[in-house]
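Colleague: I am new to this model and would like to get to know one part of it properly. Could you pick a part, look at it closely, and show me how the rest of the chain relates to it?

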Amino acid sequence: GSELCRQIVSYRPAKLIMVGHGENSIYDIDLELRKKYKDEVKIYSCIADVQDKQRLSTIFSEYQPKVIFHAAAHKHVPLMENNPIEAVKNNVLGTRNVAECAHELGADRFVMVSTDKAVNPTNVMGASKRAAEMVVQSLDQVSKTCFASVRFGNVLGSRGSVIPIFKQQIEEGGPVTVTHPEMIRYFMTIPEAVQLVIQAGALATGG
């Protein structure tokens, strides 16, 4: 989310509205961007939970966003396996709330950041993100808003990435745990991933 804001603000939009549940994350990125762009872009920070539709509606009607990037989700596979209700509440119902607000407002575009784990899901986190994609796809069929989803695999340094675990294992002298000896993992950096999200927002024709 923070890197999305960094790259979006560099294109000098009229307004950037940052919505997040974690006040520290929002505070840090707000401070950083205001320092750099305070005279060029109007920056607004809102603390809100995607599970609170009424709060989201208030934000959407106040700021009238044209393009919405939705990156809020529970991402940790083992944690969501043990807390499936929270995965559904946040990832599925939360996505529905944000997407419905975009539809009701008549926003131009809505881009959801998804995961490769939504492909033939084998875990709760992946299944919840697949369900969220289906919500987005179904809204695209009835809305003026162009809805799209972008899937990512392993993004270096992102929340939920396996890299910090590997790093810690290496520092402790191993072993490095992998799912299977034949497992191949592909990685990209956060800035690369965000560029693709923004490209998807520009290129997608919906669905």
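Modeller: Gladly; here is a walk along helix H5, its cover and its salt bridges, followed by some pairings elsewhere in the chain.

The model is a predicted one, with local features needing pLDDT of at least 70 and side-chain atom pairs pLDDT 80 or more, while totals for chains, interfaces and linings use all residues. Residues are numbered from 1 along each chain as its sequence is written, and side-chain values use heavy atoms, leaving out hydrogens and water.

Let's start with length. Helix H5 takes in residues 84-105, which is 22 residues (helices, H or I, of at least four residues and strands, E, of at least two are DSSP runs numbered from the N terminus). At 1.5 Å a residue H5 should span 32 Å (1.5 Å times one less than the number of residues), and because its end C-alpha atoms are 31 Å apart, the two values agree. The helix has a kink of about 25°, centred on Gly-94 (the angle between axes fitted to the seven residues ending there and the seven starting there). Just beyond the end of H5, Gly-106 has a positive phi of about 80°.

Now look at what H5 turns inward. Gly-94, the centre of the kink, is one of its buried residues (under 20% relative accessible area; exposed is over 50%, partly exposed in between, with a 1.4 Å probe and protein chains only). Others on that list include Ala-87, Asn-90, Asn-91, Val-92, Thr-95 and Asn-97. Further along come Val-98, Ala-99, Cys-101 and Ala-102. The elements that cover these buried residues (contact is heavy atoms within 4.5 Å) include helices H3 (53-63), H4 (77-82) and H6 (124-140). Strands E3 (67-70), E4 (109-115) and E5 (146-152) also belong to that cover.

H5 is tied to H3 by charge as well. Glu-104 and Lys-53 meet through their side chains in a salt bridge, 3.2 Å from N to O (a side-chain nitrogen of Lys or Arg within 4 Å of a carboxyl oxygen of Asp or Glu). This pair brings together distant parts of the chain, since Glu-104 is in H5 and Lys-53 in H3, 51 residues apart. Glu-104 counts as exposed at 53% relative accessibility, whereas Lys-53, at 25%, is partly exposed. Through shared salt-bridge partners, Lys-53, Arg-96, Glu-100 and Glu-104 make up one network.

For context, the structure has eleven salt bridges. One of them joins Arg-6 to Glu-32, with 2.6 Å between the closest N and O atoms. Here too the partners are distant along the chain: Arg-6 sits in helix H1 (residues 2-9) and Glu-32 in helix H2 (residues 23-37), 26 residues apart. Both are partly exposed, Arg-6 at 31% and Glu-32 at 34%.

A pair within one helix is Asp-30 and Arg-34, bridged at 2.6 Å; both are in H2, four residues apart, about one turn of the helix. Asp-30 is buried at 13% relative accessibility, while Arg-34 is partly exposed at 35%.

Lastly, H1 has a neighbour from much later in the sequence. Val-194, in helix H8 (residues 190-203), is buried at 8% and touches Glu-3, Leu-4 and Gln-7, leaving aside residues up to four places away in sequence. The C-alpha atoms of Val-194 and Arg-6 are 9.6 Å apart, though 188 residues separate the two along the chain.
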